[in-house]
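Visitor: Please take me through one part of this model up close. Start with a single residue and work outward from there.

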Amino acid sequence: MATAQDPQSPRIDELDRDILHALQLNPRAGFALLADVLGVSEQTVARRYGRLRSAGVVRVFALVDPSRIGQLDWTLRISCRPHGAQPLARALAERADVSWVSLTGGGADILASVRSRSADERDELLLGRIPRTAQVLSMTASVVLSRFGHQNDAWLPYGSTLPDSAVERLFAGAPHRHPVGSGGEPLEPGDQPLIDALAVDGRASVAALAAATGWTPGRTRRRLDTLLASGTLYLDVDVAAELLGYPVLAMLSLTVEPAEWDRLGTALAARPEVGYAAATTGPTNVSASLTVRDVRELYTFTSSIGSLGPGIRQLQIDPVVRRIKQAGSMVEGSRLRLPTLPPLWR
């Protein structure tokens with residue numbers, strides 16, 4: 001497995017980290033805006049981004065938020081027979097409705113997120129395919145009740161030092177970053193090519209998206225703006241944390257008194273080490289993902305959770321043995337695998 005110290009790994013410097021930070025704040029920011037904010041040339045930013053993307057350090061893409069179209073977001077914990085977890089994890093990861101997959105428990109347990117767009121798609125997986133798999137010993141499925149923070153808030157302990165003025169400019173250029181309200185724009189049959197294209201490259205130009213959909217550029221831009229503004233579609237940024245010097249990922253499962261869910265979850269989500277925090281159904285009721293440099297930092301963080309306030313009854317820590325898929329990217333070694341571009345985009 002490649003690591004940040006591996007000589008084959010790409011070298012990441014301060015400008016690279018600033019570019020990654022800027023993309024987290026505004027995933028579709030043009031190279032001209034990024035260059036102006038970062039104080040370098042447009043060609044430099046374009047070249048650096050191209051290198052980071054081709055090296056599997058970063059991917060920008062779009063996903064459908066199931067909660068905006070009347071579906072549920074599920075978290076699965078699957079226990080398997082010895083040697084059965086990895087093949088099943090890879091099969092799950094290849095599905096478009098599974099957004100991340102990790103191996104824990106010495107490699108025998110799978111943690112996965114299922115975000116099906118229809119009840120039939122969900123039932124085929126949860127009630128049909130997984131229970132019939134011979135390698136599966138048990139499965140627990142929990143519903144995500146509420147995510148703390150915003151859907152597209154990002155994990156940001158990269159060592160970036162963007163000034164507040166740069167952060168404000170980038171946010172100002174991303175009007176749909178945090179959609180208002182709970183309702184979503186209903187998907188239409190003609191939206192699928194647009195969604196598929198953005199799942200490949202969330203930074204694709206309007207011209208490229210128009211070519212993929214067969215629409216005019218004006219119609220393409222209007223539909224994209226509508227889907228983003230409603231929150232039905234949101235932009236995400238995957239990063240290869242190990243290549244940035246953060247190889248340790250752990251999933252935290254907490255049992256918290258219900259009256260403290262919002263307070264504790266919000267406090268967890270505000271910590272830079274935490275990329276995701278949510279209230280869930282199931283044996284535990286608050287979950288979070290934690291990315292740190294080493295086991296010592298994992299210990300320091302988890303031993304300090306009690307300082308966030310009262311209400312925590314129990315904490316379970318599941319170190320991730322292997323990342324199979326992140327939010328929308330397959331992981332090969334320590335790098336993100338780029339999807340194959342459609343012919344129109346080459």
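Guide: Find Arg48 in helix α3, which spans residues 42-54. Keep in mind that this is a predicted model. Is Arg48 buried or exposed? Its relative accessibility is 19%. Buried means under 20%, so Arg48 counts as buried. Now look at its contacts. Leaving aside residues up to four places away in sequence, Arg48 touches Asp13, Leu15, Asp16 and Ile19.

Next, go to helix α6, residues 164-172. Which of its residues are buried? They are Ala166, Val167 and Leu170. These three cover an arc of only 100° around the axis, so they sit on the same side of α6. What do they pack against? The buried residues of α6 meet α1 (14-25) and α2 (31-38). Now turn to the other side of α6. There, Asp164, Glu168 and Ala172 are exposed.

Last, look for empty space. The second largest pocket holds about 660 Å³. Its lining is made up of 32 residues. Nearest the centre of this pocket lie Arg95, Ala96, Ala199, Lys325 and Gly328. Which elements help to build the lining? Strands β1 (58-64) and β3 (98-104) each give at least two residues, and so does helix α7 (192-200). Sort the lining by class, and you get 16 nonpolar, 10 charged and 6 polar residues.

Definitions and conventions. Residues are numbered from 1 along each chain as its sequence is written. This is a predicted model: local features need pLDDT of at least 70, side-chain atom pairs count only at pLDDT 80 or more; totals for chains, interfaces and linings use all residues. Side-chain values use heavy atoms; hydrogens and water are left out. On a 1 Å grid over the protein atoms alone, a cavity is a set of points where a 1.4 Å probe fits but cannot get out, and a pocket is an open set with protein on both sides within 12 Å along at least five of seven lines; lining residues have an atom within 4 Å of a point. Grid points are joined across faces, edges and corners, and a volume is the space filled by probe spheres set on the points. Helices (H or I, at least four residues) and strands (E, at least two) are DSSP runs, numbered from the N terminus. Ala, Val, Leu, Ile, Met, Phe, Trp, Tyr, Cys and Pro count as nonpolar, Asp, Glu, Lys and Arg as charged, and the others, Gly among them, as polar. Buried means under 20% relative accessible area, exposed over 50%, partly exposed in between (1.4 Å probe, protein chains only). Contact means heavy atoms within 4.5 Å. The arc is that of the directions from the helix axis to the C-beta atoms.
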